[in-house]
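Work through the exercises below with the sequence and the structure in view, and try each task before reading its solution.

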Amino acid sequence: MFASLYNFAHWLTQDREEAEDLVQETYLKAFKGFTSFQQGTNLRAWMFRILRNTFLTSRTGLRVKMTDPLDLDEDTEAMPATGETPETLLLARADQQAVQDALERLPAPYREAILLCDMEEMSYHEIAETLGVPMGTVMSRLSRARKSMRERLAATVRGVTK
Amino acid sequence: MSCEWSAKLDRYVDSELTGGELTELEAHLRACPACTADALRRLQLKRMTQAVGRRFSATPQFRLKVEQSVSAGKRAWWAGRWIPAIAAAAALVAMLIPAAVWLQRARVEQTLGELADLHVSTLASANPVDVVSTDRHTVKPWFQGKLPFSFNLPEMRNSPFELIGGRLAYFQQSPGAQLLFEIGKHRISVFIFQDRADLSRLNAGYSLHRKLAFSSETWTEGGLRYFVVGDASPAGIHGLSERLKTAY
């Protein structure tokens, strides 16, 4: 879990030193607050929630909240999937660097949902628990994040900079 | 193209569909090539995101620092709270033991799952191998200069297995060889990487796993870690593994 927490922290902060501070503080808070952890509930989601909440109260986290407002998708309706489109056809030709760029350019709320889902393989329920949002919002963020990534990757493959 | 079912594909690739919904969607996928292709592309994006998402790793020094600071906090915390500390420690141990078992199982499943994904995406490619040959004396030399290690390939004549070719594979930032074999209509990937501490933890020797109709076997030999992955029967996977072991 240490490696996962660190990786997630680095994605949130985009800075090694800040990520290290964040992980260290998370572990200390988790240890001090361990008695508040309810056995039978999800330890991983609990740790990620501590990390994320700690991040949101940091200077970088507050800045991110200003630039990527967390209520950008209060409409919790999941976006309709687009099916087979030129974008999805072009996706097969995208390389890892393009995927990384597309991931980095996502607004923070979308990126953290995608990272928890695809990288940490959390269930929608766990993600909702970690982010403190309803499941519908999780689905909406994932749907929008993937749509944005598909479009950006398609543009990259076409050689068009959006 | 738009299909009413495509709205459920994200939940499908995220393994969030269950029961009747899952059965219905899988029945639809068998009949709808467009949705099947769309689901595959979504799965590819998910796997690519997974691969690039694991990008940052902590330094060993930092890991040590956290361990030390938590230990220091633990000592201070214990000093004033003997009785609740004992209860908390018992709870922590009770939680950590199954967590360790779960973590180990999750690691194995994750590693084998990633390799199964590599295998599937290879088969989905228009050019699944970079060196196309049934001759081991052609395939093995192709890797010279491309990998920091060498490996042996057994003679496949008089066996049900046929070598199709090979390609370079990257797994968790390490280069390795991916060899494609065929048995009947089934294709099997053999991955060879330098063994590492995290891979060594998978098991001490022979191990056969089966999940989602994929079978896999892994072992280590001479500093190399071998994985055999495919949708062939476990007996087929094991047969190829045994054959490969004769090449030492």
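## Exercises with worked solutions

In this predicted model, the secondary structure of chain B consists of eight helices and seven strands.

**Exercise 1.** State what share of the residues in chain B is buried, and what share of its contacts with a separation of 6 or more joins residues 24 or more positions apart.

*Solution.* Begin with burial: of the 248 residues in chain B, 28% are buried. Then turn to the contacts with a separation of 6 or more, of which 56% in chain B are between residues 24 or more positions apart.

**Exercise 2.** Describe how confidence is distributed over chain A, and identify the elements with the lowest and the highest mean pLDDT.

*Solution.* Start from the chain as a whole: the mean pLDDT of chain A is 78, with 73% of its residues at 70 or more. Next compare the elements of chain A, among which helix 5 (residues 86-91) has the lowest mean pLDDT, 52, while helix 8 (residues 124-131) has the highest, 92. Finally, look at residues 74-84 of chain A, where the pLDDT is below 50, although this stretch has 30 contacts in the model beyond near neighbours in sequence.

**Exercise 3.** Classify the packing of helix 1 of chain A against helix 2 of chain A, and list the residues through which they meet.

*Solution.* Take the geometry first: the axes of helix 1 (residues 2-13) of chain A and helix 2 of chain A are 8 Å apart, at an angle of about 130°. The two helices are therefore oblique to each other, and their crossing is right-handed. For the contact itself, helix 1 of chain A contributes A:Leu5, A:Tyr6, A:Ala9, A:His10 and A:Thr13, which meet A:Arg16, A:Glu18, A:Ala19, A:Leu22, A:Val23 and A:Thr26 of helix 2 of chain A. Sorted by character, the residues of this contact are six nonpolar, three polar and two charged.

**Exercise 4.** Repeat the analysis for helix 2 of chain A and helix 3 of chain A, whose axes also cross.

*Solution.* The axes of helix 2 (residues 16-32) of chain A and helix 3 (residues 43-56) of chain A come within 9 Å and cross at roughly 125°. That angle makes helix 2 of chain A oblique to helix 3 of chain A, and the crossing is right-handed. On the side of helix 2 of chain A the contact is formed by A:Leu22, A:Glu25, A:Thr26, A:Lys29 and A:Ala30, and on the side of helix 3 of chain A by A:Met47, A:Ile50, A:Leu51, A:Thr54 and A:Phe55. These residues divide into six nonpolar, two polar and two charged.

Terms used. Residues numbered from 1 in each chain as written. Chains lettered and ligands numbered in written order. Predicted model: local features only at pLDDT ≥ 70, side-chain atom pairs only at ≥ 80, totals over all residues. Axes fitted to C-alpha atoms, helices over the stretch in contact; angles between N-to-C directions. Helix = DSSP H or I, 4+ residues; strand = E, 2+ residues; numbered from the N terminus. Parallel < 35°, antiparallel > 145°, perpendicular 65-115°, else oblique. Left-handed = near helix turned anticlockwise from the far one by under 90°. Contact = placed C-beta atoms within 7 Å. Nonpolar A, V, L, I, M, F, W, Y, C, P; charged D, E, K, R; others polar. Buried ≥ 20, exposed ≤ 12 C-beta atoms within 10 Å, placed from the backbone. pLDDT = per-residue confidence, 0-100.
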